[in-house]
Amino acid sequence: MKLIVAIVQDQDAASLINDLTENEYRVTKLASTGGFLKAGNTTLLIGVEEEFIEDVLKIIEDNCKTRDITTSLLTVSMPGDAYIPYPLEVKVGGATIFILDVEKHIKI
Ligand code: 2BA
């Protein structure tokens, strides 16, 4: 068995979870926060047998869009302790995915 850890944007999470559950995959949703943007995102845990990995990846790809996000994360310091926000554009998503080996899966 494998554990797919998928970090997706909040806007894509509901439709992705619907598609996964309609296809009889089990999924756990965690609220997470990106370290760079410090904005909310969604982490999904999906436990599947190896033969279903490609199908799950396809469902994730179909649901997760890449978006350009403009943030005022950076500030430029000005004389006299003043800071002005400096817009920064980053591309976020579709999804960041890790696939891990599961040593044991126990359900009691
Ligand atoms: P964040 O860390 O908030 O990053 C949001 C987006 O900002 C990233 O999109 C990337 O385009 C940009 N970014 C991140 N770190 C950067 C840096 N040091 N310099 C310049 N730009 C940077 P994605 O790559 O699509 O990542 C989306 C979210 O996925 C991330 O949110 C983070 O929560 C997670 N993630 C991505 N790679 C990861 C990794 N290797 N390990 C753990 N989490 C990861």
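**Entry 1. Gln9**

I looked up Gln9 and found that this residue counts as buried, at 6% relative accessibility. I note that the model is a predicted one. Gln9 sits in the loop that runs between strand E1 (2-8) and H1. I then asked which backbone atoms the side chain of Gln9 reaches. A polar atom of that side chain lies 2.9 Å from the backbone oxygen of Lys65. The side chain also reaches the backbone oxygen of Val92, at 3.1 Å. Setting aside residues up to four places away in sequence, I recorded that Gln9 touches Lys65, Arg67, Ile69, Val92, Gly93 and Gly94. Lys65 and Val92 thus appear both among the touched residues and as partners through their backbone oxygens.

**Entry 2. Overall layout**

I next recorded the fold of the protein. The protein has two helices and six strands, and along the sequence these follow the pattern β-α-β-β-α-β-β-β. Of the 108 residues in the protein, buried residues make up 27%. The exposed area of the protein is about 7,600 Å², and carbon and sulfur atoms supply 53% of it. I also looked at how contacts are spread along the chain. Among contacts between residues at least 6 apart in sequence, 62% join residues at least 24 apart.

**Entry 3. The ligand shell**

Which residues are around the ligand? I listed Ile7, Gly34, Gly35, Phe36, Leu37, Asn41, Val90, Lys91, Val92, Gly93, Thr96 and Phe98. By class, the shell divides into six nonpolar residues, five polar and one charged.

I then looked up polar atoms next to the ligand oxygens. A backbone N or O atom of Lys91 lies 2.6 Å from an oxygen atom of the ligand. For Gly93, a polar backbone atom is 2.8 Å from a ligand oxygen. For Asn41 the partner is in the side chain, where an N or O atom is 3.0 Å from an oxygen atom of the ligand.

How much of the ligand does the protein bury? Taken alone, the ligand exposes 750 Å², and the protein buries 52% of that. Strand E5 (82-92) and strand E6 (95-101) are the elements that give two or more residues to the shell. E5 gives the most, with three residues.

**Entry 4. Asn41**

I returned to Asn41, which is one of the shell residues. Asn41 has its place in strand E3. Is Asn41 buried or exposed? Its relative accessible area is 17%, under the 20% cut-off, so Asn41 counts as buried. Besides the ligand oxygen at 3.0 Å, I found a polar contact of 2.7 Å that joins the side chains of Asn41 and Ser32. Leaving aside neighbours within four places in sequence, Asn41 is in contact with Ile7, Val8, Asp10, Leu30, Ala31, Ser32, Thr33 and Gly34. Ile7 and Gly34 are also listed around the ligand.

**Entry 5. Phe98**

Phe98, another shell residue, is found in strand E6. I recorded a relative accessible area of 45% for Phe98, which is partly exposed. Phe98 touches Leu3, Ile4, Val5 and Ile7, not counting residues up to four places away in sequence. With Leu3 the separation along the chain is 95 residues, while the C-alpha atoms of Phe98 and Leu3 are separated by 8.1 Å.

**Entry 6. Aromatic pairing**

I searched for aromatic pairs, and the count comes to one. Tyr25 and Phe52 form this pair, which is edge-to-face, with 6.0 Å centre to centre and 70 degrees between the planes. The pair links distant parts of the chain, the two residues being 27 residues apart. Tyr25 is in the loop between helix H1 (10-22) and strand E2 (27-33), and Phe52 is in the loop between strand E3 (40-48) and helix H2 (53-63).

I then looked up the accessibility of each partner. Tyr25 has a relative accessible area of 9% and is buried, whereas Phe52, at 37%, is partly exposed.

**Entry 7. Ile84**

Last, I looked up Ile84, which lies in strand E5. Ile84 is partly exposed, with a relative accessible area of 42%. Ile84 and Ser72 are twelve residues apart along the chain, and I noted that their C-alpha atoms are separated by 9.1 Å.

Key. Residues are numbered from 1 along each chain as its sequence is written. This is a predicted model: local features need pLDDT of at least 70, side-chain atom pairs count only at pLDDT 80 or more; totals for chains, interfaces and linings use all residues. Side-chain values use heavy atoms; hydrogens and water are left out. A residue is near a molecule or strand if one of its heavy atoms lies within 4 Å of it. A polar contact is a pair of N or O atoms within 3.5 Å; within protein, one must be able to donate a hydrogen and the other to accept it, and residues adjacent in sequence count only if both atoms are side-chain atoms. Accessible areas come from the Shrake-Rupley method with a 1.4 Å probe; for residues, only the protein chains shown count as cover. Helices (H or I, at least four residues) and strands (E, at least two) are DSSP runs, numbered from the N terminus. Ala, Val, Leu, Ile, Met, Phe, Trp, Tyr, Cys and Pro count as nonpolar, Asp, Glu, Lys and Arg as charged, and the others, Gly among them, as polar. Rings of Phe, Tyr and Trp (its six-membered ring) pair if their centres lie within 6.5 Å; planes under 30 degrees apart count as stacked, over 60 as edge-to-face and the rest as tilted. Buried means under 20% relative accessible area, exposed over 50%, partly exposed in between (1.4 Å probe, protein chains only). Contact means heavy atoms within 4.5 Å.
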